[in-house]
Structure formats: structure tokens, C-alpha cells
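The following exchange concerns the reasons behind structural labels. Each answer sets a value against the criterion that applies to it.

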Amino acid sequence: MNGFLYGVVLQWKLDIRSKSLLVTCYIIPLIFFLLMGGIFTSVMPEMRSTLIQSMVVMNVSMGAFIGLPSSLVETYGTDVKKVYKANGVPLYLGFVTMFLSAFVHLMISSAIILLLAHILFEAALPVQFPVFFLALDIYIIASLGIGSILGLIVKSQAKLAVIAQLVFLPSVMLSGIMFPASLLPSFLETIGRVFPASWGYKLILNNGFCFANLWYLVFVFCVAIIICLVLLNRQKFK
């Protein structure tokens with residue numbers, strides 16, 4: 001247990017110094033929030049009721065689909081994993097510590113958005129904070145599950161940059177955070193429902209925490225963990 005806790009703390013320190021994580025979990029999402037928050041609330045004042053949820057979904061999508069996979073590729077797509085093997089450290093340890101560290105960073109950046117949105121744009125706060133953060137936790141781990149698969153499958157940062165964008169952009173554009181998903185053509189609306197963002201957005205809305213919005217995220221996370229375990233097991237023989 002002490003070794004595991006040391007690994008988590010060490011990964012946290014490494015992530016703090018990581019420019020990639022700093023950019024994807026904090027700088028770009030917060031800049032986007034500050035710019036678009038002002039635009040949305042000026043053009044469509046009614047968006048104050050859902051501004052926090054919309055910006056949180058964008059923040060989580062970027063951190064989970066671009067930030068975490070990059071960190072995983074740096075370890076499992078390079079010779080760094082040989083260091084784990086040489087020192088008798090289980091390969092899953094790096095994966096778990098990166099997952100937990102990314103989760104904490106996304107929770108922090110989401111909390112910053114929640115606080116600033118209310119202060120700067122008079123955005124409506126969640127009616128029930130415990131329910132909101134529980135829903136947010138579920139949405140984050142489901143998204144990180146998808147991001148973990150990307151990071152374990154793709155072996156180069158160049159390929160990852162392209163593939164991650166193919167997951168991130170539809171998640172943001174088709175989830176309903178910019179405009180109601182019902183305005184999209186039916187086939188695009190269906191595609192949007194494949195990604196966790198559309199379900200997570202509904203789940204974290206006020207009065208949105210229900211089984212109809214929850215089951216898919218739980219399913220995605222369970223499938224993602226199984227796939228990640230298979231991929232990590234294959235790493236032992238490479």
C-alpha cells in the first residue's frame with residue numbers, strides 16, 4: 001500500500017510539471033471557458049442555466065481524450081515500460097496512478113470552472129452539489145476509460161494527436177453543450193450518443209441524475225476497464 005501511495009504522489013508531482021497536462025486540463029479549457037462563457041451569456045442569456053455543465057463537459061473531454069492518452073503513450077509506447085519490468089514493478093501501477101492523477105486534475109479544473117462561472121457570468125449553480133459531483137465523478141471515470149484505451153493502443157504521439165481529435169471534436173460538437181442536440185440531423189445526433197459527453201452532459205444537469213442517463217456511462221467504463229486490462233496484459237510479452 002505504501003508503494004502504491006508513493007506512486008500516486010510521484011505521478012501527481014510529474015503531472016504538475018507536465019506541459020501537456022497543464023495545457024489540456026487547465027490552460028485551454030479555462031481560456032475557452034472565459035471566452036465562450038462571455039459570448040454565450042451575452043448572445044443567449046438563457047445559457048446561464050447550463051453554462052457550468054457545458055464548460056465542464058468540454059474540460060473533461062479535452063483532459064480525458066487528449067491529456068491522459070498522451071501521458072500513457074509516453075510510458076507504454078516507449079522504453080519507459082522496460083524500467084517497470086526491470087525493477088519488478090507491475091505494469092498496471094503506472095496506468096492506475098496516471099488514471100487517478102488525471103481524475104484529480106479534472107475535478108480541480110471543473111471546480112474552478114464552477115466557481116468562476118458563477119462569479120463572472122452569474123451562471124446558475126447546481127441545485128444539489130453532492131449529486132452534481134457524484135454525476136461528475138461518474139462521467140469523468142467513463143471518459144478517462146475511453147482515453148486510457150487510446151493511450152494504450154496508439155504507440156506514437158503523432159498518431160495519437162490525430163486519433164484523439166477524432167474522439168474529442170465529435171464529443172464536444174455533437175453532445176448538445178453548444179446547442180441542443182435535437183437541432184442536428186438525426187444521423188449526427190445518433191453518432192453523438194456514442195460518445196460519453198452527451199450522456200455526461202445530461203447526467204450533470206439539474207434533475208438529470210437518473211438511470212436513463214447513467215447506465216451507458218457505467219457500461220462504457222466497465223467495457224473500457226476490461227479492454228485496458230487485456231491491453232496491459234499484452235504489454236508483458238512485448
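The questions below address a predicted model.

Q: How many helices and strands does the chain have, and in what order do its elements run?
A: The chain has 10 helices and zero strands. From the N terminus on, the order is α-α-α-α-α-α-α-α-α-α.

Q: What percentage of the residues counts as buried, and what makes a residue buried?
A: A residue is buried when its relative accessible area is under 20%. Of the 238 residues of the chain, 48% count as buried.

Q: What share of the contacts in the chain with a separation of 6 or more comes from residues 24 or more positions apart?
A: Such residues account for 77% of those contacts. A contact here means heavy atoms within 4.5 Å.

Q: Why are helix 9 and helix 10 called oblique to each other?
A: The axes of helix 9 (residues 196-204) and helix 10 (residues 211-235) cross at roughly 140 degrees and come within 9 Å. Angles over 145 degrees count as roughly antiparallel and those from 65 to 115 as roughly perpendicular, whereas angles under 35 count as roughly parallel; the rest are oblique. Helix 9 and helix 10 are therefore oblique to each other. Their crossing is left-handed.

Q: Which residues make the contact between helix 9 and helix 10, and how do they divide by class?
A: Helix 9 contributes Pro 196, Trp 199, Gly 200, Lys 202 and Leu 203. From helix 10 come Ala 212, Asn 213, Leu 214, Trp 215, Tyr 216, Leu 217 and Val 220. By class, nine of the contact residues are nonpolar, two are polar and one is charged. Gly counts as polar and Lys as charged under this scheme.

Q: What makes helix 9 mostly covered, and against which helices do its buried residues pack?
A: Eight of the nine residues of helix 9 are buried. They are Pro 196, Ala 197, Ser 198, Trp 199, Gly 200, Tyr 201, Leu 203 and Ile 204. These buried residues pack against helix 3 (51-76), helix 6 (129-153), helix 7 (157-173), helix 8 (186-192) and helix 10.

Q: Where is Phe 209, and why is it called partly exposed?
A: Phe 209 is placed in the loop between helix 9 and helix 10. Its relative accessible area is 31%. Buried would require a value under 20% and exposed a value over 50%, so Phe 209 is partly exposed.

Q: Which residues does Phe 209 touch, not counting residues up to four places away in sequence?
A: Phe 209 touches Val 131, Leu 134, Ala 135, Ile 138, Leu 203 and Leu 214. Of Ala 135 one can add that its C-alpha is 6.7 Å from that of Phe 209, while the two are 74 residues apart in sequence.

Q: Where is Asn 207, and how do you know that it is exposed?
A: Asn 207 is also in the loop between helix 9 and helix 10. Its relative accessible area is 80%. Exposed means over 50%, so Asn 207 is exposed. Its phi is near 65 degrees, a positive value in a residue other than glycine.

Q: Why does Glu 122 count as exposed, and where is it placed?
A: Glu 122 has 59% relative accessibility, and the threshold for exposed is over 50%. Glu 122 therefore counts as exposed. It is placed in the loop between helix 5 and helix 6, and its phi, near 55 degrees, is positive in a residue other than glycine.

Q: Why is Tyr 92 called partly exposed, and which residues does it touch beyond four places away in sequence?
A: Tyr 92 lies in helix 5 and has a relative accessible area of 47%. Partly exposed lies between the limits of 20% and 50%, so Tyr 92 is partly exposed. Tyr 92 touches Tyr 76 and Leu 232. The C-alpha atoms of Tyr 92 and Gln 235 are separated by 9.8 Å, with these positions 143 residues apart along the chain.

Q: What makes a set of residues a nonpolar core, and how many residues has the largest one?
A: The members must be buried residues of nonpolar kinds, joined through side-chain atoms within 4.5 Å. The largest such core has 67 residues, and Phe 95, Leu 136 and Leu 144 have the most contacts inside it. Helix 2 (19-43), helix 3, helix 5 (91-121), helix 6, helix 7, helix 9 and helix 10 each supply at least two residues. The largest share, 15 residues, comes from helix 3.

Note on methods
Residues numbered from 1 in each chain as written. Predicted model: local features only at pLDDT ≥ 70, side-chain atom pairs only at ≥ 80, totals over all residues. Heavy atoms only, no water. Axes fitted to C-alpha atoms, helices over the stretch in contact; angles between N-to-C directions. Helix = DSSP H or I, 4+ residues; strand = E, 2+ residues; numbered from the N terminus. Left-handed = near helix turned anticlockwise from the far one by under 90°. Buried < 20%, exposed > 50% of the residue type's maximum accessible area, 1.4 Å probe, protein only.
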